Structure formats: C-alpha cells, structure tokens
Amino acid sequence: MTTTRILVTGGAGFIGSHYVRTLLGPQGPAGVQVTVLDKLTYAGNPANLDPVRAHPGFALVQADVCDAAVVDRLVAEHDQIVHFAAESHVDRSILGAAEFVRTNVSGTQVLLDAALRHHADGRGVFVHISTDEVYGSIPHGSWPETHPVSPNSPYAASKAAADLIALAYHRTHGLDVRVTRCSNNYGHHHFPEKLIPLFITRLMQGRTVPLYGDGLNVRDWLHIDDHVQGIELVRTKGRPGEVYNIGGGTELTNKELTSLLLEACGAGWESVEYVTDRKGHDRRYSVDCAKITQELGYRPRKDFATGLAETVSWYRENRHWWEPLQQRAELGAAAG
Ligand code: NAD
Ligand code: DAU
C-alpha cells in the first residue's frame, strides 16, 4: 500500500486538529501519515492532538509557517499540504492587523514557494483553507465561487490576499492548488473567543453575553465534521486550480442563535447585553454550494439542533479544557 504524507499547518487549532484527529482516527483513510506544523500561538493547543499522539504516523513540529528553512525541509518530506495556519479572529484583526498580514499572507507565500520547489510538475496537492468572508457581505442570495472577492475586515482581506496568491501559483506555475471557502464552523475544541463557545462558556458560569449591534447579522453554521468531509473531498477528488465553497445550510441571525444558546444553557434574555457593534461588521454571509455538491457529492450531514446540543454538552463536560484558555484570553484583553 502506498503512503501519503500530509503536512497540516495550523493542526493544533480548532478545525486543523479536528481534521488531524479524523484522518488518523478509526474512520480515517488508510495509508496516511500526518505532520502538524504549528507555531502554538494562543489559539494552538497541543492537548487538542492528544488522541492521536501515540499514532505511529503522527508528528508535531512547533514552528512558524513564515520560517522558510523549516517549511522547506518539511514540504520536501511530504506529498501533500493542507494549510489551516492563520490568525483567525476578526475582532483581533481590528485591534491590530500586523500579525494577520504576516502569518496569513507571508506565511502562505513561504509555503507556496516551498511547494514550488518540491511539488512542481503535477506532484503534490496544496489545499488552501480560505473563508467565505473573502466575498464580503451579501444582503440576499448566495455567492458562487466565480463571485469577485471584496473583503471588509483586515482578517478577511489577509485571507483574500492569501487565497489569490495561492490561485496565482496555480495559474502562473501550474502548482496543484485547491482553495476551499467555508462558512462559520462550530463544534467542540472551539476557542472561547468566537460567538458560540464564548456564549456557552459565559452562560455556564452565570455571566452575561455581549451581542453586537442589533443582533441581526446572519451567519451560515457548518459543523466541523461536515467541514472535514468537504476538505477531504477536495483533497482527494478536487481539481487543480479550482475554488470550492463549503457551507452548512443553517443560516441564523445572531439573535436567533443566541436564543438557542440561552435555552440550551438554561438562561434567559436578561443574560444578554447589547453592546457597541463590531467596526465594519459584515451583515450576512451565504455561500452557494452547488459546485462541491454536484462535482464531489458533498452534503452536510449534521443537523444543527443535534450539533449544537452535542457542542453544549462537550463544553459542560470539558471545563478543564476551556477555563484556562478563557482566563488567559481575559487577562490578555485586560492588559490591552
Ligand atoms: P484557530 O485560530 O483555532 O487555529 C489556528 C492555528 O494556526 C493555531 O493552532 C495556531 O497556533 C496556528 N498558527 C497561527 N499562526 C501561525 C504561524 N505563524 N505559524 C504556524 N502556525 C500558526 O483557527 P481555526 O478556526 O481552526 O481556522 C483554521 C483555518 O480555517 C484558518 O485558516 C481560518 O482562516 C479558516 N476558517 C475558519 C473558519 C471558522 O469558522 N473557524 C471559517 C472559515 C475559514
Ligand atoms: O465566516 C467564516 C469566518 O467565521 C471565519 O473565516 C473566521 O475565522 C471565524 O472567526 C468566523 O468569523 P465571524 O466573525 O463570523 O465569527 P465570530 O464568532 O467572531 O462572530 C460571529 C457573529 O457573532 C458575528 O456576526 C459577530 C457576532 N458576535 C461575535 C462575538 C465574538 C457577537 O455578537 N458577540 C461576540 O462577542
């Protein structure tokens, strides 16, 4: 049996670690070895990889995706790259964009240059994990992959830059680059700064939750199992140079979502504080998933009510995972 050696950047974060646990878990594909390249920033947690640590095909390298020497060595030793590593939180990008440009844009270019040296001429696959935020905001309807990018936040702009550079390496150099643009992920191991885990953890502590603006911004929620399903379809069956949207099919206003979270955590609307809106807050995201559905057979399987109930239960049972992260995040915010 041939072995496929996959380099997963950002594999200690929320989605990347779920991807690695799935690949090396009992339902994962045969003949796969995984090396995680992760800087272990505040969002990277080696404990997320505990379930696969003893797997003979697993390795973790703590390194920066901008470190060209380390990246070159690792890319040379692998057949494929799945690139998750990024600064991922919109609010942090509004406070300071430098790290977003460095990691998301320069880091992607460093990785692409290494792929060019070692994976040219049709060898290798480079799956670039982008986001639906690159399209901007849409009042009605949904974006097909052909829609021009028009990002609004510094985070989204840095992801759009990386996404376009990745596609340019395909068009210019023929590198086998495949881009995914997914909607808002949810599930276990989600860092407690994003809406769903922030609200669940605070409500479990009897605290209030901050709802931005009028609470009518709309997001499409995608369970991490379905996102991993989509990424695997793109890695194994996708076409070079193509972009694939991946959505969950559950659009909710933040108010509707808050209502579900309050109910799941046994709290009422008195626990909600309407706070000043996020600057440049995108009103609505909505991806058209016809391409990945028709071409690769993608279909989200996780019903949102079930996925959300499972997520709430996981946070209830895993306080030891999130309490230290929450304390560190709050100390960091207080220090400015
Ligand atoms: P995350 O913040 O949970 O994890 C990011 C990971 O990247 C962490 O492990 C961190 O340590 C690592 N990292 C950061 N800077 C690095 C660097 N310079 N070098 C090496 N590693 C570095 O993010 P996530 O939510 O898991 O998102 C993963 C990817 O998916 C990102 O590219 C993000 O833009 C994209 N995405 C996320 C969502 C979502 O809803 N979370 C939706 C669409 C797209
Ligand atoms: O759409 C994909 C994107 O989804 C990813 O590319 C990003 O990496 C990911 O962080 C996420 O971005 P959002 O900004 O949509 O997610 P966040 O959880 O930060 O916010 C979701 C919505 O909830 C958004 O409309 C802002 C609002 N919100 C968020 C927070 C943190 C609040 O009302 N209060 C909050 O405290």
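The exercises below, each with a worked solution, deal with the sheet and the two ligand sites of a predicted model.

Residues are numbered from 1 along each chain as its sequence is written, while chains are lettered from A and ligands numbered from 1 in the order in which they are written. Because the model is predicted, local features need pLDDT of at least 70 and side-chain atom pairs count only at pLDDT 80 or more, whereas totals for chains, interfaces and linings use all residues, and side-chain values use heavy atoms, with hydrogens and water left out.

**Exercise 1.** Work out in which order the strands of the open sheet lie, and why one side of strand 3 and of strand 10 has no neighbour.

*Solution.* Begin with the terms: strands are DSSP runs of E with at least two residues, helices are runs of H or I with at least four, and both are numbered from the N terminus; two strands pair if DSSP finds at least two bridges between them. Next, read the order of the seven strands, which is 3-2-1-4-5-6-10, with parallel pairing. Strand 3 (58–62) and strand 10 (243–246) stand at the edges, and because each has a single partner strand, one side of each is left without a neighbour in the sheet. Finally, look inside the sheet, where six bridges join strand 5 (residues 125–131) to strand 6 (residues 177–182), and where Thr131 has Cys182 of strand 6 as its bridge partner.

**Exercise 2.** Find which residues come nearest to ligand 2, and how much of its accessible area the protein covers.

*Solution.* A residue is counted as near when one of its heavy atoms lies within 4 Å of the molecule. Of the 24 residues around ligand 2, the nearest are Thr131, Asp132, Tyr155, Arg278 and His281. Then examine the polar contacts (pairs of N or O atoms within 3.5 Å): an oxygen atom of ligand 2 is 2.7 Å from an N or O atom in the side chain of Thr131, and a polar side-chain atom of His281 also lies 2.7 Å from an oxygen atom of this ligand. Of the 690 Å² of accessible area (Shrake-Rupley method, 1.4 Å probe) that ligand 2 has on its own, the protein covers 94%.

**Exercise 3.** Determine which strand gives the largest share of the shell around ligand 1.

*Solution.* Start with the 28 residues that surround ligand 1, the closest being Ile15, Asp38, Ser88, Tyr155 and Lys159. A nitrogen atom of the ligand is 3.0 Å from an N or O atom in the side chain of Asp64. Taken alone, ligand 1 exposes 830 Å², of which the protein buries 96%. The largest share of the shell, three residues, comes from strand 5.

Definitions and conventions
Polar contact = N/O pair within 3.5 Å; in protein donor to acceptor, adjacent residues only side chain to side chain.
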